[in-house]
Amino acid sequence: MLTALLAIAGAVCWRPALYATGLWVDGGQPTVSQTLFEDPSASPSASQPARGSGVIASAPVATPTHTPDPKALAAALAKVPAKDMGTTSGVVLDAVSGELLWSSGPDAGQIPASTLKLLTCLTALDVLGPDKTFSTRVVQQGKGIVLVGGGDPYLASKPAKEYPFPATSADLAKKTAAALKKQGTSSVTLGYDESLFSGPNWHPSWPQGYHDQVTNLSALWIDKGKPDEKSAPSQTPAPTAATVFAAQLKANGITVSGKPTAAAAGADAAEVASVQSLPVSSLVQETLVHSDNAAAEVLLRQVGVATGNGGSFTGGAKGMQQRLTTLKAWDASTRIADGSGLSRNNRVSARVLGRALHLAAASPKLRPLLEGLPSAGVTGTLHLRFYTPASEPGRGWVNAKTGTLSKVSTLAGYTRTRQGGEVVFAFMSNNPKQEWNVRSWLDQMASTLVTCGC
């Protein structure tokens with residue numbers, strides 16, 4: 001009955017009410033297909049707010065146009081009602097120069113929720129590079145083969161019907177079968193190796209109820225550990241992936257003897273076949289637009305591996321701290337527990353989030369961070385946001401990452417002002433008295449950047 005009531009509520013646009021009760025939080029895949037819209041004009045009339053339609057263009061590297069006036073900006077933001085918003089903080093920076101235009105409690109470490117994904121993805125782009133891919137391989141092991149996970153968060157069982165077309169185990173099985181047949185082999189044993197990642201596969205601070213939000217972590221999974229769309233993610237994704245792969249080998253004429261078993265692929269094992277993941281730039285964009293917790297955690301572990309700290313929560317967090325410190329996007333208040341922001345042990349300041357966004361605006365290498373941000377009222381986790389009269393002017397203009405946990409709401413992204421300025425921003429609230437209203441406050445603060453007249 002509860003499921004039916006929630007479905008009806010969603011159908012009649014009661015999502016804000018569900019947010020207020022805590023029954024709905026951001027995270028995971030949206031229930032609607034991603035739709036891309038056109039970037040709005042830089043200078044629409046004040047009487048016709050931008051709305052977004054068509055196809056979003058790539059986020060440009062920030063170029064000098066107009067620097068907003070800090071005094072006028074502060075005056076406009078001061079008019080946004082902030083009563084009962086809890087502990088709030090925020091920054092607005094010029095996207096080109098990084099100049100601080102406005103701030104309130106900028107250095108206070110707050111629970112960031114999913115806006116932490118901005119730091120995870122920025123670090124992944126910086127450490128790994130936007131063109132880096134991850135290989136899922138099959139190697140020869142004695143008279144059998146081993147399926148070796150390379151940490152591809154989007155490895156799918158079958159080809160996708162729409163962009164971004166991730167690698168598939170079906171393709172890998174076809175290549176593997178062809179290679180084995182060429183050797184004259186028609187029957188093999190199958191092992192699976194998920195040893196690229198280490199440490200606990202579930203963060204100790206995550207409630208067990210979060211199994212609908214994130215998969216038990218592994219360097220090897222197919223369809224993020226979900227045997228089918230209606231099932232909960234498997235708590236043993238690697239053996240589940242091997243079972244799927246065994247069936248696909250059989251469909252290609254290769255018999256798998258016995259059940260797949262855990263195995264360690266030798267460093268010198270001959271490769272039979274492989275498939276490559278989407279590049280990191282696309283992984284980051286998919287992670288951000290869908291607020292994909294599982295993908296964010298995989299990227300954190302890839303950072304740990306690449307920085308020599310190990311593919312664990314601890315290794316990834318250490319790698320993030322090292323790189324973000326170098327990028328001057330770290331301060332004394334920062335605490336990293338996971339990569340997705342699901343942990344309430346994370347702490348990030350608004351200044352750090354703003355700095356990360358400025359770095360992305362100023363660098364082609366880091367630009368995919370901006371290209372993955374949902375568009376207000378249009379895509380991803382902002383699809384049903386910016387619906388009040390006060391926040392409507394931001395629709396199609398504001399691009400931002402949401403962050404939502406119980407008593408936590410955050411929003412960080414970028415926008416262009418109607419005067420031609422380009423700004424990045426971060427607004428945060430912890431422990432608000434009214435969780436529905438705080439989202440409206442966040443949306444209105446971001447929309448005010450568009451209409452500030454500064």
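## Exercises on helix packing and sheets

The axes of α4 and helix α9 (residues 313–326) come within 10 Å and cross at roughly 75 degrees. This is a predicted model: local features need pLDDT of at least 70, side-chain atom pairs count only at pLDDT 80 or more, and totals for chains, interfaces and linings use all residues. Residues are numbered from 1 along each chain as its sequence is written, and side-chain values use heavy atoms, with hydrogens and water left out.

**Exercise 1. Classify the crossing of α4 and α9, then describe the contact.**

Step 1. Fix the terms. Helices (H or I, at least four residues) and strands (E, at least two) are DSSP runs, numbered from the N terminus. Axes are lines fitted to C-alpha atoms, for helices over the stretch in contact; angles run from 0 to 180 degrees between N-to-C directions.

Step 2. Apply the classes. Angles under 35 degrees count as roughly parallel, over 145 as roughly antiparallel, 65 to 115 as roughly perpendicular and the rest as oblique. α4 and α9 are therefore roughly perpendicular.

Step 3. List the contact (heavy atoms within 4.5 Å). α4 gives Leu119, Thr120, Leu122, Thr123, Asp126 and Val127; α9 gives Gly319, Met320, Arg323 and Leu324.

Step 4. Sort by class. Ala, Val, Leu, Ile, Met, Phe, Trp, Tyr, Cys and Pro count as nonpolar, Asp, Glu, Lys and Arg as charged, and the others, Gly among them, as polar. The contact of α4 with α9 has five nonpolar, three polar and two charged residues.

**Exercise 2. Do the same for α4 and α10.**

Step 1. Helix α4 (residues 116–128) and helix α10 (residues 350–362) have axes that come within 10 Å and cross at roughly 40 degrees. That makes α4 oblique to α10.

Step 2. Assign the hand. A crossing is left-handed if the near helix is turned anticlockwise from the far one by less than a right angle, and right-handed if clockwise. α4 and α10 cross in the left-handed sense.

Step 3. Name the residues. Leu118, Leu119 and Leu122 of α4 meet Val352, Leu353, Ala356, Leu357, Leu359 and Ala360 of α10. By class, this contact of α4 with α10 has nine nonpolar, no polar and no charged residues.

**Exercise 3. Find the edge strands of the antiparallel sheet.**

Step 1. Write the order. This open sheet of five strands runs β2-β1-β12-β11-β10, with antiparallel pairing (two strands pair if DSSP finds at least two bridges between them).

Step 2. Read the ends. β2 (100–104) and β10 (399–405) each have a single partner strand, so one side of each is left without a neighbour in the sheet.

Step 3. Check one pair. β10 and strand β11 (residues 408–416) pair over seven bridges in the antiparallel sense. Leu405 is opposite Val408 in β11.

**Exercise 4. Place Thr88.**

Step 1. Thr88 is in strand β1.

Step 2. Grade its exposure. Thr88 is partly exposed, at 29% relative accessible area (buried is under 20%, exposed over 50%, partly exposed in between; 1.4 Å probe, protein chains only).

Step 3. Look along the chain. Thr88 and Ser429 are 341 residues apart, yet their C-alpha atoms are separated by 4.4 Å. Leaving aside neighbours within four places in sequence, Thr88 contacts Ser104, Gln110, Met428, Ser429 and Trp441.

**Exercise 5. Describe the mixed sheet.**

Step 1. This open sheet of five strands has the order β8-β6-β4-β3-β9, with mixed pairing.

Step 2. Strand β4 (residues 144–148) and strand β6 (residues 190–193) run parallel, joined by four bridges. Ile145 is opposite Leu190 in β6.
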